[in-house]
Amino acid sequence: GPCGLAVAARLVRDCRAEGLDERALLARTRVLDPAGAWLRAWRSKLAVQNVRTLRSPSFVHPHPTRVLDDALRVYARAHGRERELVPLEAASVAGSVVG
């Protein structure tokens with residue numbers, strides 16, 4: 001699922017940083033989804049709950065750098081949506097973070 005993808009992305013980034021060939025890592029990487037298709041169970045669970053847009057802390061998204069965090073802040077600022085960016089500590093107190 002998304003966590004496995006995040007781990008793979010981080011490993012590829014680390015291979016590149018160490019000057020290693022990430023193709024060797026990726027050639028040995030296998031994705032197994034017991035539901036039979038990529039993220040099928042995850043998508044089905046969201047559909048059952050009628051979740052069209054999943055909002056979650058940016059650090060849980062499968063990217064190996066903080067570039068997306070910065071881009072999200074720039075976008076929110078440009079579109080007047082900065083108040084939607086809730087710090088994790090405040091979100092967890094309010095019960096907005098599902099663990």
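## Exercises on a five-helix chain

Asparagine 50 sits in the loop between helix 3 and helix 4 (67–78); helices (H or I, at least four residues) and strands (E, at least two) are DSSP runs, numbered from the N terminus. This is a predicted model, in which local features need pLDDT of at least 70 and side-chain atom pairs count only at pLDDT 80 or more, while totals for chains, interfaces and linings use all residues. Residues are numbered from 1 along each chain as its sequence is written, and side-chain values use heavy atoms, with hydrogens and water left out.

**Exercise 1. Describe the backbone and the surroundings of asparagine 50.**

Step 1: Look at the backbone angle. Asparagine 50 is not a glycine, yet its phi is positive, about 55°.

Step 2: Check the cover. Asparagine 50 is exposed because its relative accessibility is 62% (buried means under 20% relative accessible area, exposed over 50%, partly exposed in between, with a 1.4 Å probe and protein chains only).

**Exercise 2. Work out the pattern of helices and strands along the chain.**

Step 1: Count the elements. There are five helices and zero strands.

Step 2: Read from the start of the sequence. The pattern is α-α-α-α-α.

Step 3: Turn to the whole chain. Of its 99 residues, 9% are buried. The exposed area is about 8300 Å², with 58% supplied by carbon and sulfur atoms (areas come from the Shrake-Rupley method with a 1.4 Å probe; for residues, only the protein chains shown count as cover).

**Exercise 3. Find what links helix 1 and helix 2, starting from valine 12 and glutamate 22.**

Step 1: Place the residues. Valine 12 belongs to helix 1 (residues 2–17), and glutamate 22 to helix 2.

Step 2: Decide whether each is buried or exposed. Valine 12 is buried because its relative accessibility is 11%, and glutamate 22 is buried because its value is 18%.

Step 3: List contacts (heavy atoms within 4.5 Å), leaving aside neighbours within four places in sequence. Valine 12 touches Glu22, Leu25 and Leu26, while glutamate 22 touches Val12, Cys15 and Arg16.

Step 4: Compare sequence and space. Valine 12 and leucine 26 are 14 residues apart in sequence, and their C-alpha atoms are 7.9 Å apart.

Step 5: Look for a polar contact (N or O atoms within 3.5 Å; within protein, one able to donate a hydrogen and the other to accept it, with residues adjacent in sequence counting only if both atoms are side-chain atoms). The side chains of glutamate 22 and arginine 16 make one at 3.1 Å.

**Exercise 4. Explain why alanine 76 counts as buried, then name its contacts.**

Step 1: Alanine 76 is part of helix 4.

Step 2: Alanine 76 counts as buried because its relative accessibility is 4%.

Step 3: Beyond its neighbours within four places in sequence, alanine 76 is in contact with Arg81, Glu82 and Leu85.

**Exercise 5. Judge the confidence of the model with pLDDT.**

Step 1: Start with the average. pLDDT is the predictor's confidence in each residue, from 0 to 100. The chain averages 76, and 72% of the residues score at least 70.

Step 2: Go through the elements. Helix 3 has the highest mean pLDDT (89), and helix 5 (residues 88–94) the lowest (50).

Step 3: Inspect the end of the chain. Over residues 90–99 pLDDT stays under 50, and the model has five contacts beyond four places in sequence for this stretch.

Step 4: Draw the lesson. Where pLDDT is low, predicted coordinates should not be read in detail.

Terms used
Contact means heavy atoms within 4.5 Å.
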